[in-house]
Amino acid sequence: MLLAIFALMFLAILALPLVSAKTALAGNQASPSFAYWRVWTDGQGVSRQKKCEVRNFVLESIEPPASPQWLRRLKTEGASVVISVLPVGWVGIWHENPKPQWIIPISGRWYVETMDGQRVEMGPGEVSFGEDQNTKPDANGHKGHLSATVGNEPCVLMMIQLKDSPTVNQPCRFD
């Protein structure tokens, strides 16, 4: 019994820095948000883009004893990571994203143009979530989106492809 009490006291002492770090961080900052571009399909099968935000971060340790940090866990059954290098002057054909996927430019710039005519240019520090499956061809036969490099350097992209089923008519999936 005495050993159990000492063990609990020891654990409480170890947790004190985490509690005070969490209090200090929480006292200085509000929960952050993270902006991303969302390529999505509306109810009529037209691809669109919307600037969205991931919110509701929680201040906690990613795995004790690591210090607390703002975390938002986006649940998924599984994912694969793909690195793509788009050469200078690369222009893709109209296509849908192969799977719901996060697309993160590492270097260079690229653009995504959706069926509604919106064109968004992105580079390092900007993120897109591509989920334009289930689009219907427009009058020109275009489905999904068109993408291409911008400027005179290759664009390196990291894609995190999810096994999740695509959603439809949901502009900001992670809000």
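## The pocket

The lining of the largest pocket is split between nine nonpolar and eight polar residues, with no charged ones at all. Keep in mind that this is a predicted model. The space inside that pocket comes to about 180 Å³. Of the 17 residues that line the pocket, H95, Q101, W110, H145 and S147 sit closest to its centre.

Which strands supply at least two residues each of the lining? They are β5 (79-86), β6 (101-107), β7 (109-114), β9 (128-131), β10 (145-150) and β11 (155-162).

## A buried salt bridge and its network

Charged side chains turn up in pairs elsewhere, and the structure holds nine salt bridges. Let's start with R38 and E131, whose closest N and O atoms are 2.8 Å apart. This pair links distant parts of the chain, with R38 in strand β1 (residues 34-41) and E131 in strand β9, 93 residues apart.

Is R38 buried or exposed? R38 has a relative accessibility of 0%, so it counts as buried. E131 is buried too, because its relative accessible area is also 0% and the cut-off for buried is under 20%. The pairing doesn't stop with these two residues: R38, E131, D164 and R173 are linked in a network of salt bridges.

## Two partly exposed salt bridges

D116 and R48 make another salt bridge, at 3.6 Å from N to O. Here again the pair links distant parts of the chain: D116 is in the loop between β7 and β8 (119-122), R48 is in strand β2 (residues 47-54), and 68 residues separate them. D116 has 31% relative accessibility, so it counts as partly exposed. R48 falls in that class as well, at 30%.

Then there's R73 with E60, a salt bridge whose closest N and O atoms are 3.6 Å apart. R73 lies in the loop between β4 (68-71) and β5, while E60 is in strand β3 (residues 58-61), so the pair ties together parts that are 13 residues apart in sequence. Both ends are partly exposed: R73 has a relative accessible area of 45%, and E60 has one of 30%.

## The disulfide

How many disulfides does the count come to? The count is one, and C52 and C172 form it, with their sulfur atoms 2.0 Å apart. C52 belongs to strand β2 and C172 to the segment after β11, so this pair, 120 residues apart, links distant parts of the chain.

Why is the disulfide called left-handed? The torsion about the S-S bond of C52 and C172 is about -80°, and that sign makes the disulfide left-handed. Both C52 and C172 are buried. Another cysteine, C155, is buried as well, because its relative accessibility is 0%.

## N56 and its loop

N56 lies in the loop between β2 and β3. Is N56 buried or exposed? N56 has a relative accessible area of 55%, and since the cut-off is over 50%, it counts as exposed.

What does N56 touch, leaving aside its neighbours within four places in sequence? N56 is in contact with S31, L71 and R72. As for L71, it is 15 residues from N56 in sequence, and the C-alpha to C-alpha separation of the two is 8.6 Å.

Notes. Residues numbered from 1 in each chain as written. Predicted model: local features only at pLDDT ≥ 70, side-chain atom pairs only at ≥ 80, totals over all residues. Heavy atoms only, no water. 1 Å grid on protein atoms, 1.4 Å probe; cavity = no way out; pocket = protein on both sides within 12 Å on 5 of 7 lines; lining within 4 Å. Points joined across faces, edges and corners; volume = space filled by probe spheres on them. Helix = DSSP H or I, 4+ residues; strand = E, 2+ residues; numbered from the N terminus. Nonpolar A, V, L, I, M, F, W, Y, C, P; charged D, E, K, R; others polar. Salt bridge = Lys/Arg side-chain N within 4 Å of Asp/Glu carboxyl O. Buried < 20%, exposed > 50% of the residue type's maximum accessible area, 1.4 Å probe, protein only. Contact = heavy atoms within 4.5 Å. Disulfide = S-S within 2.5 Å.
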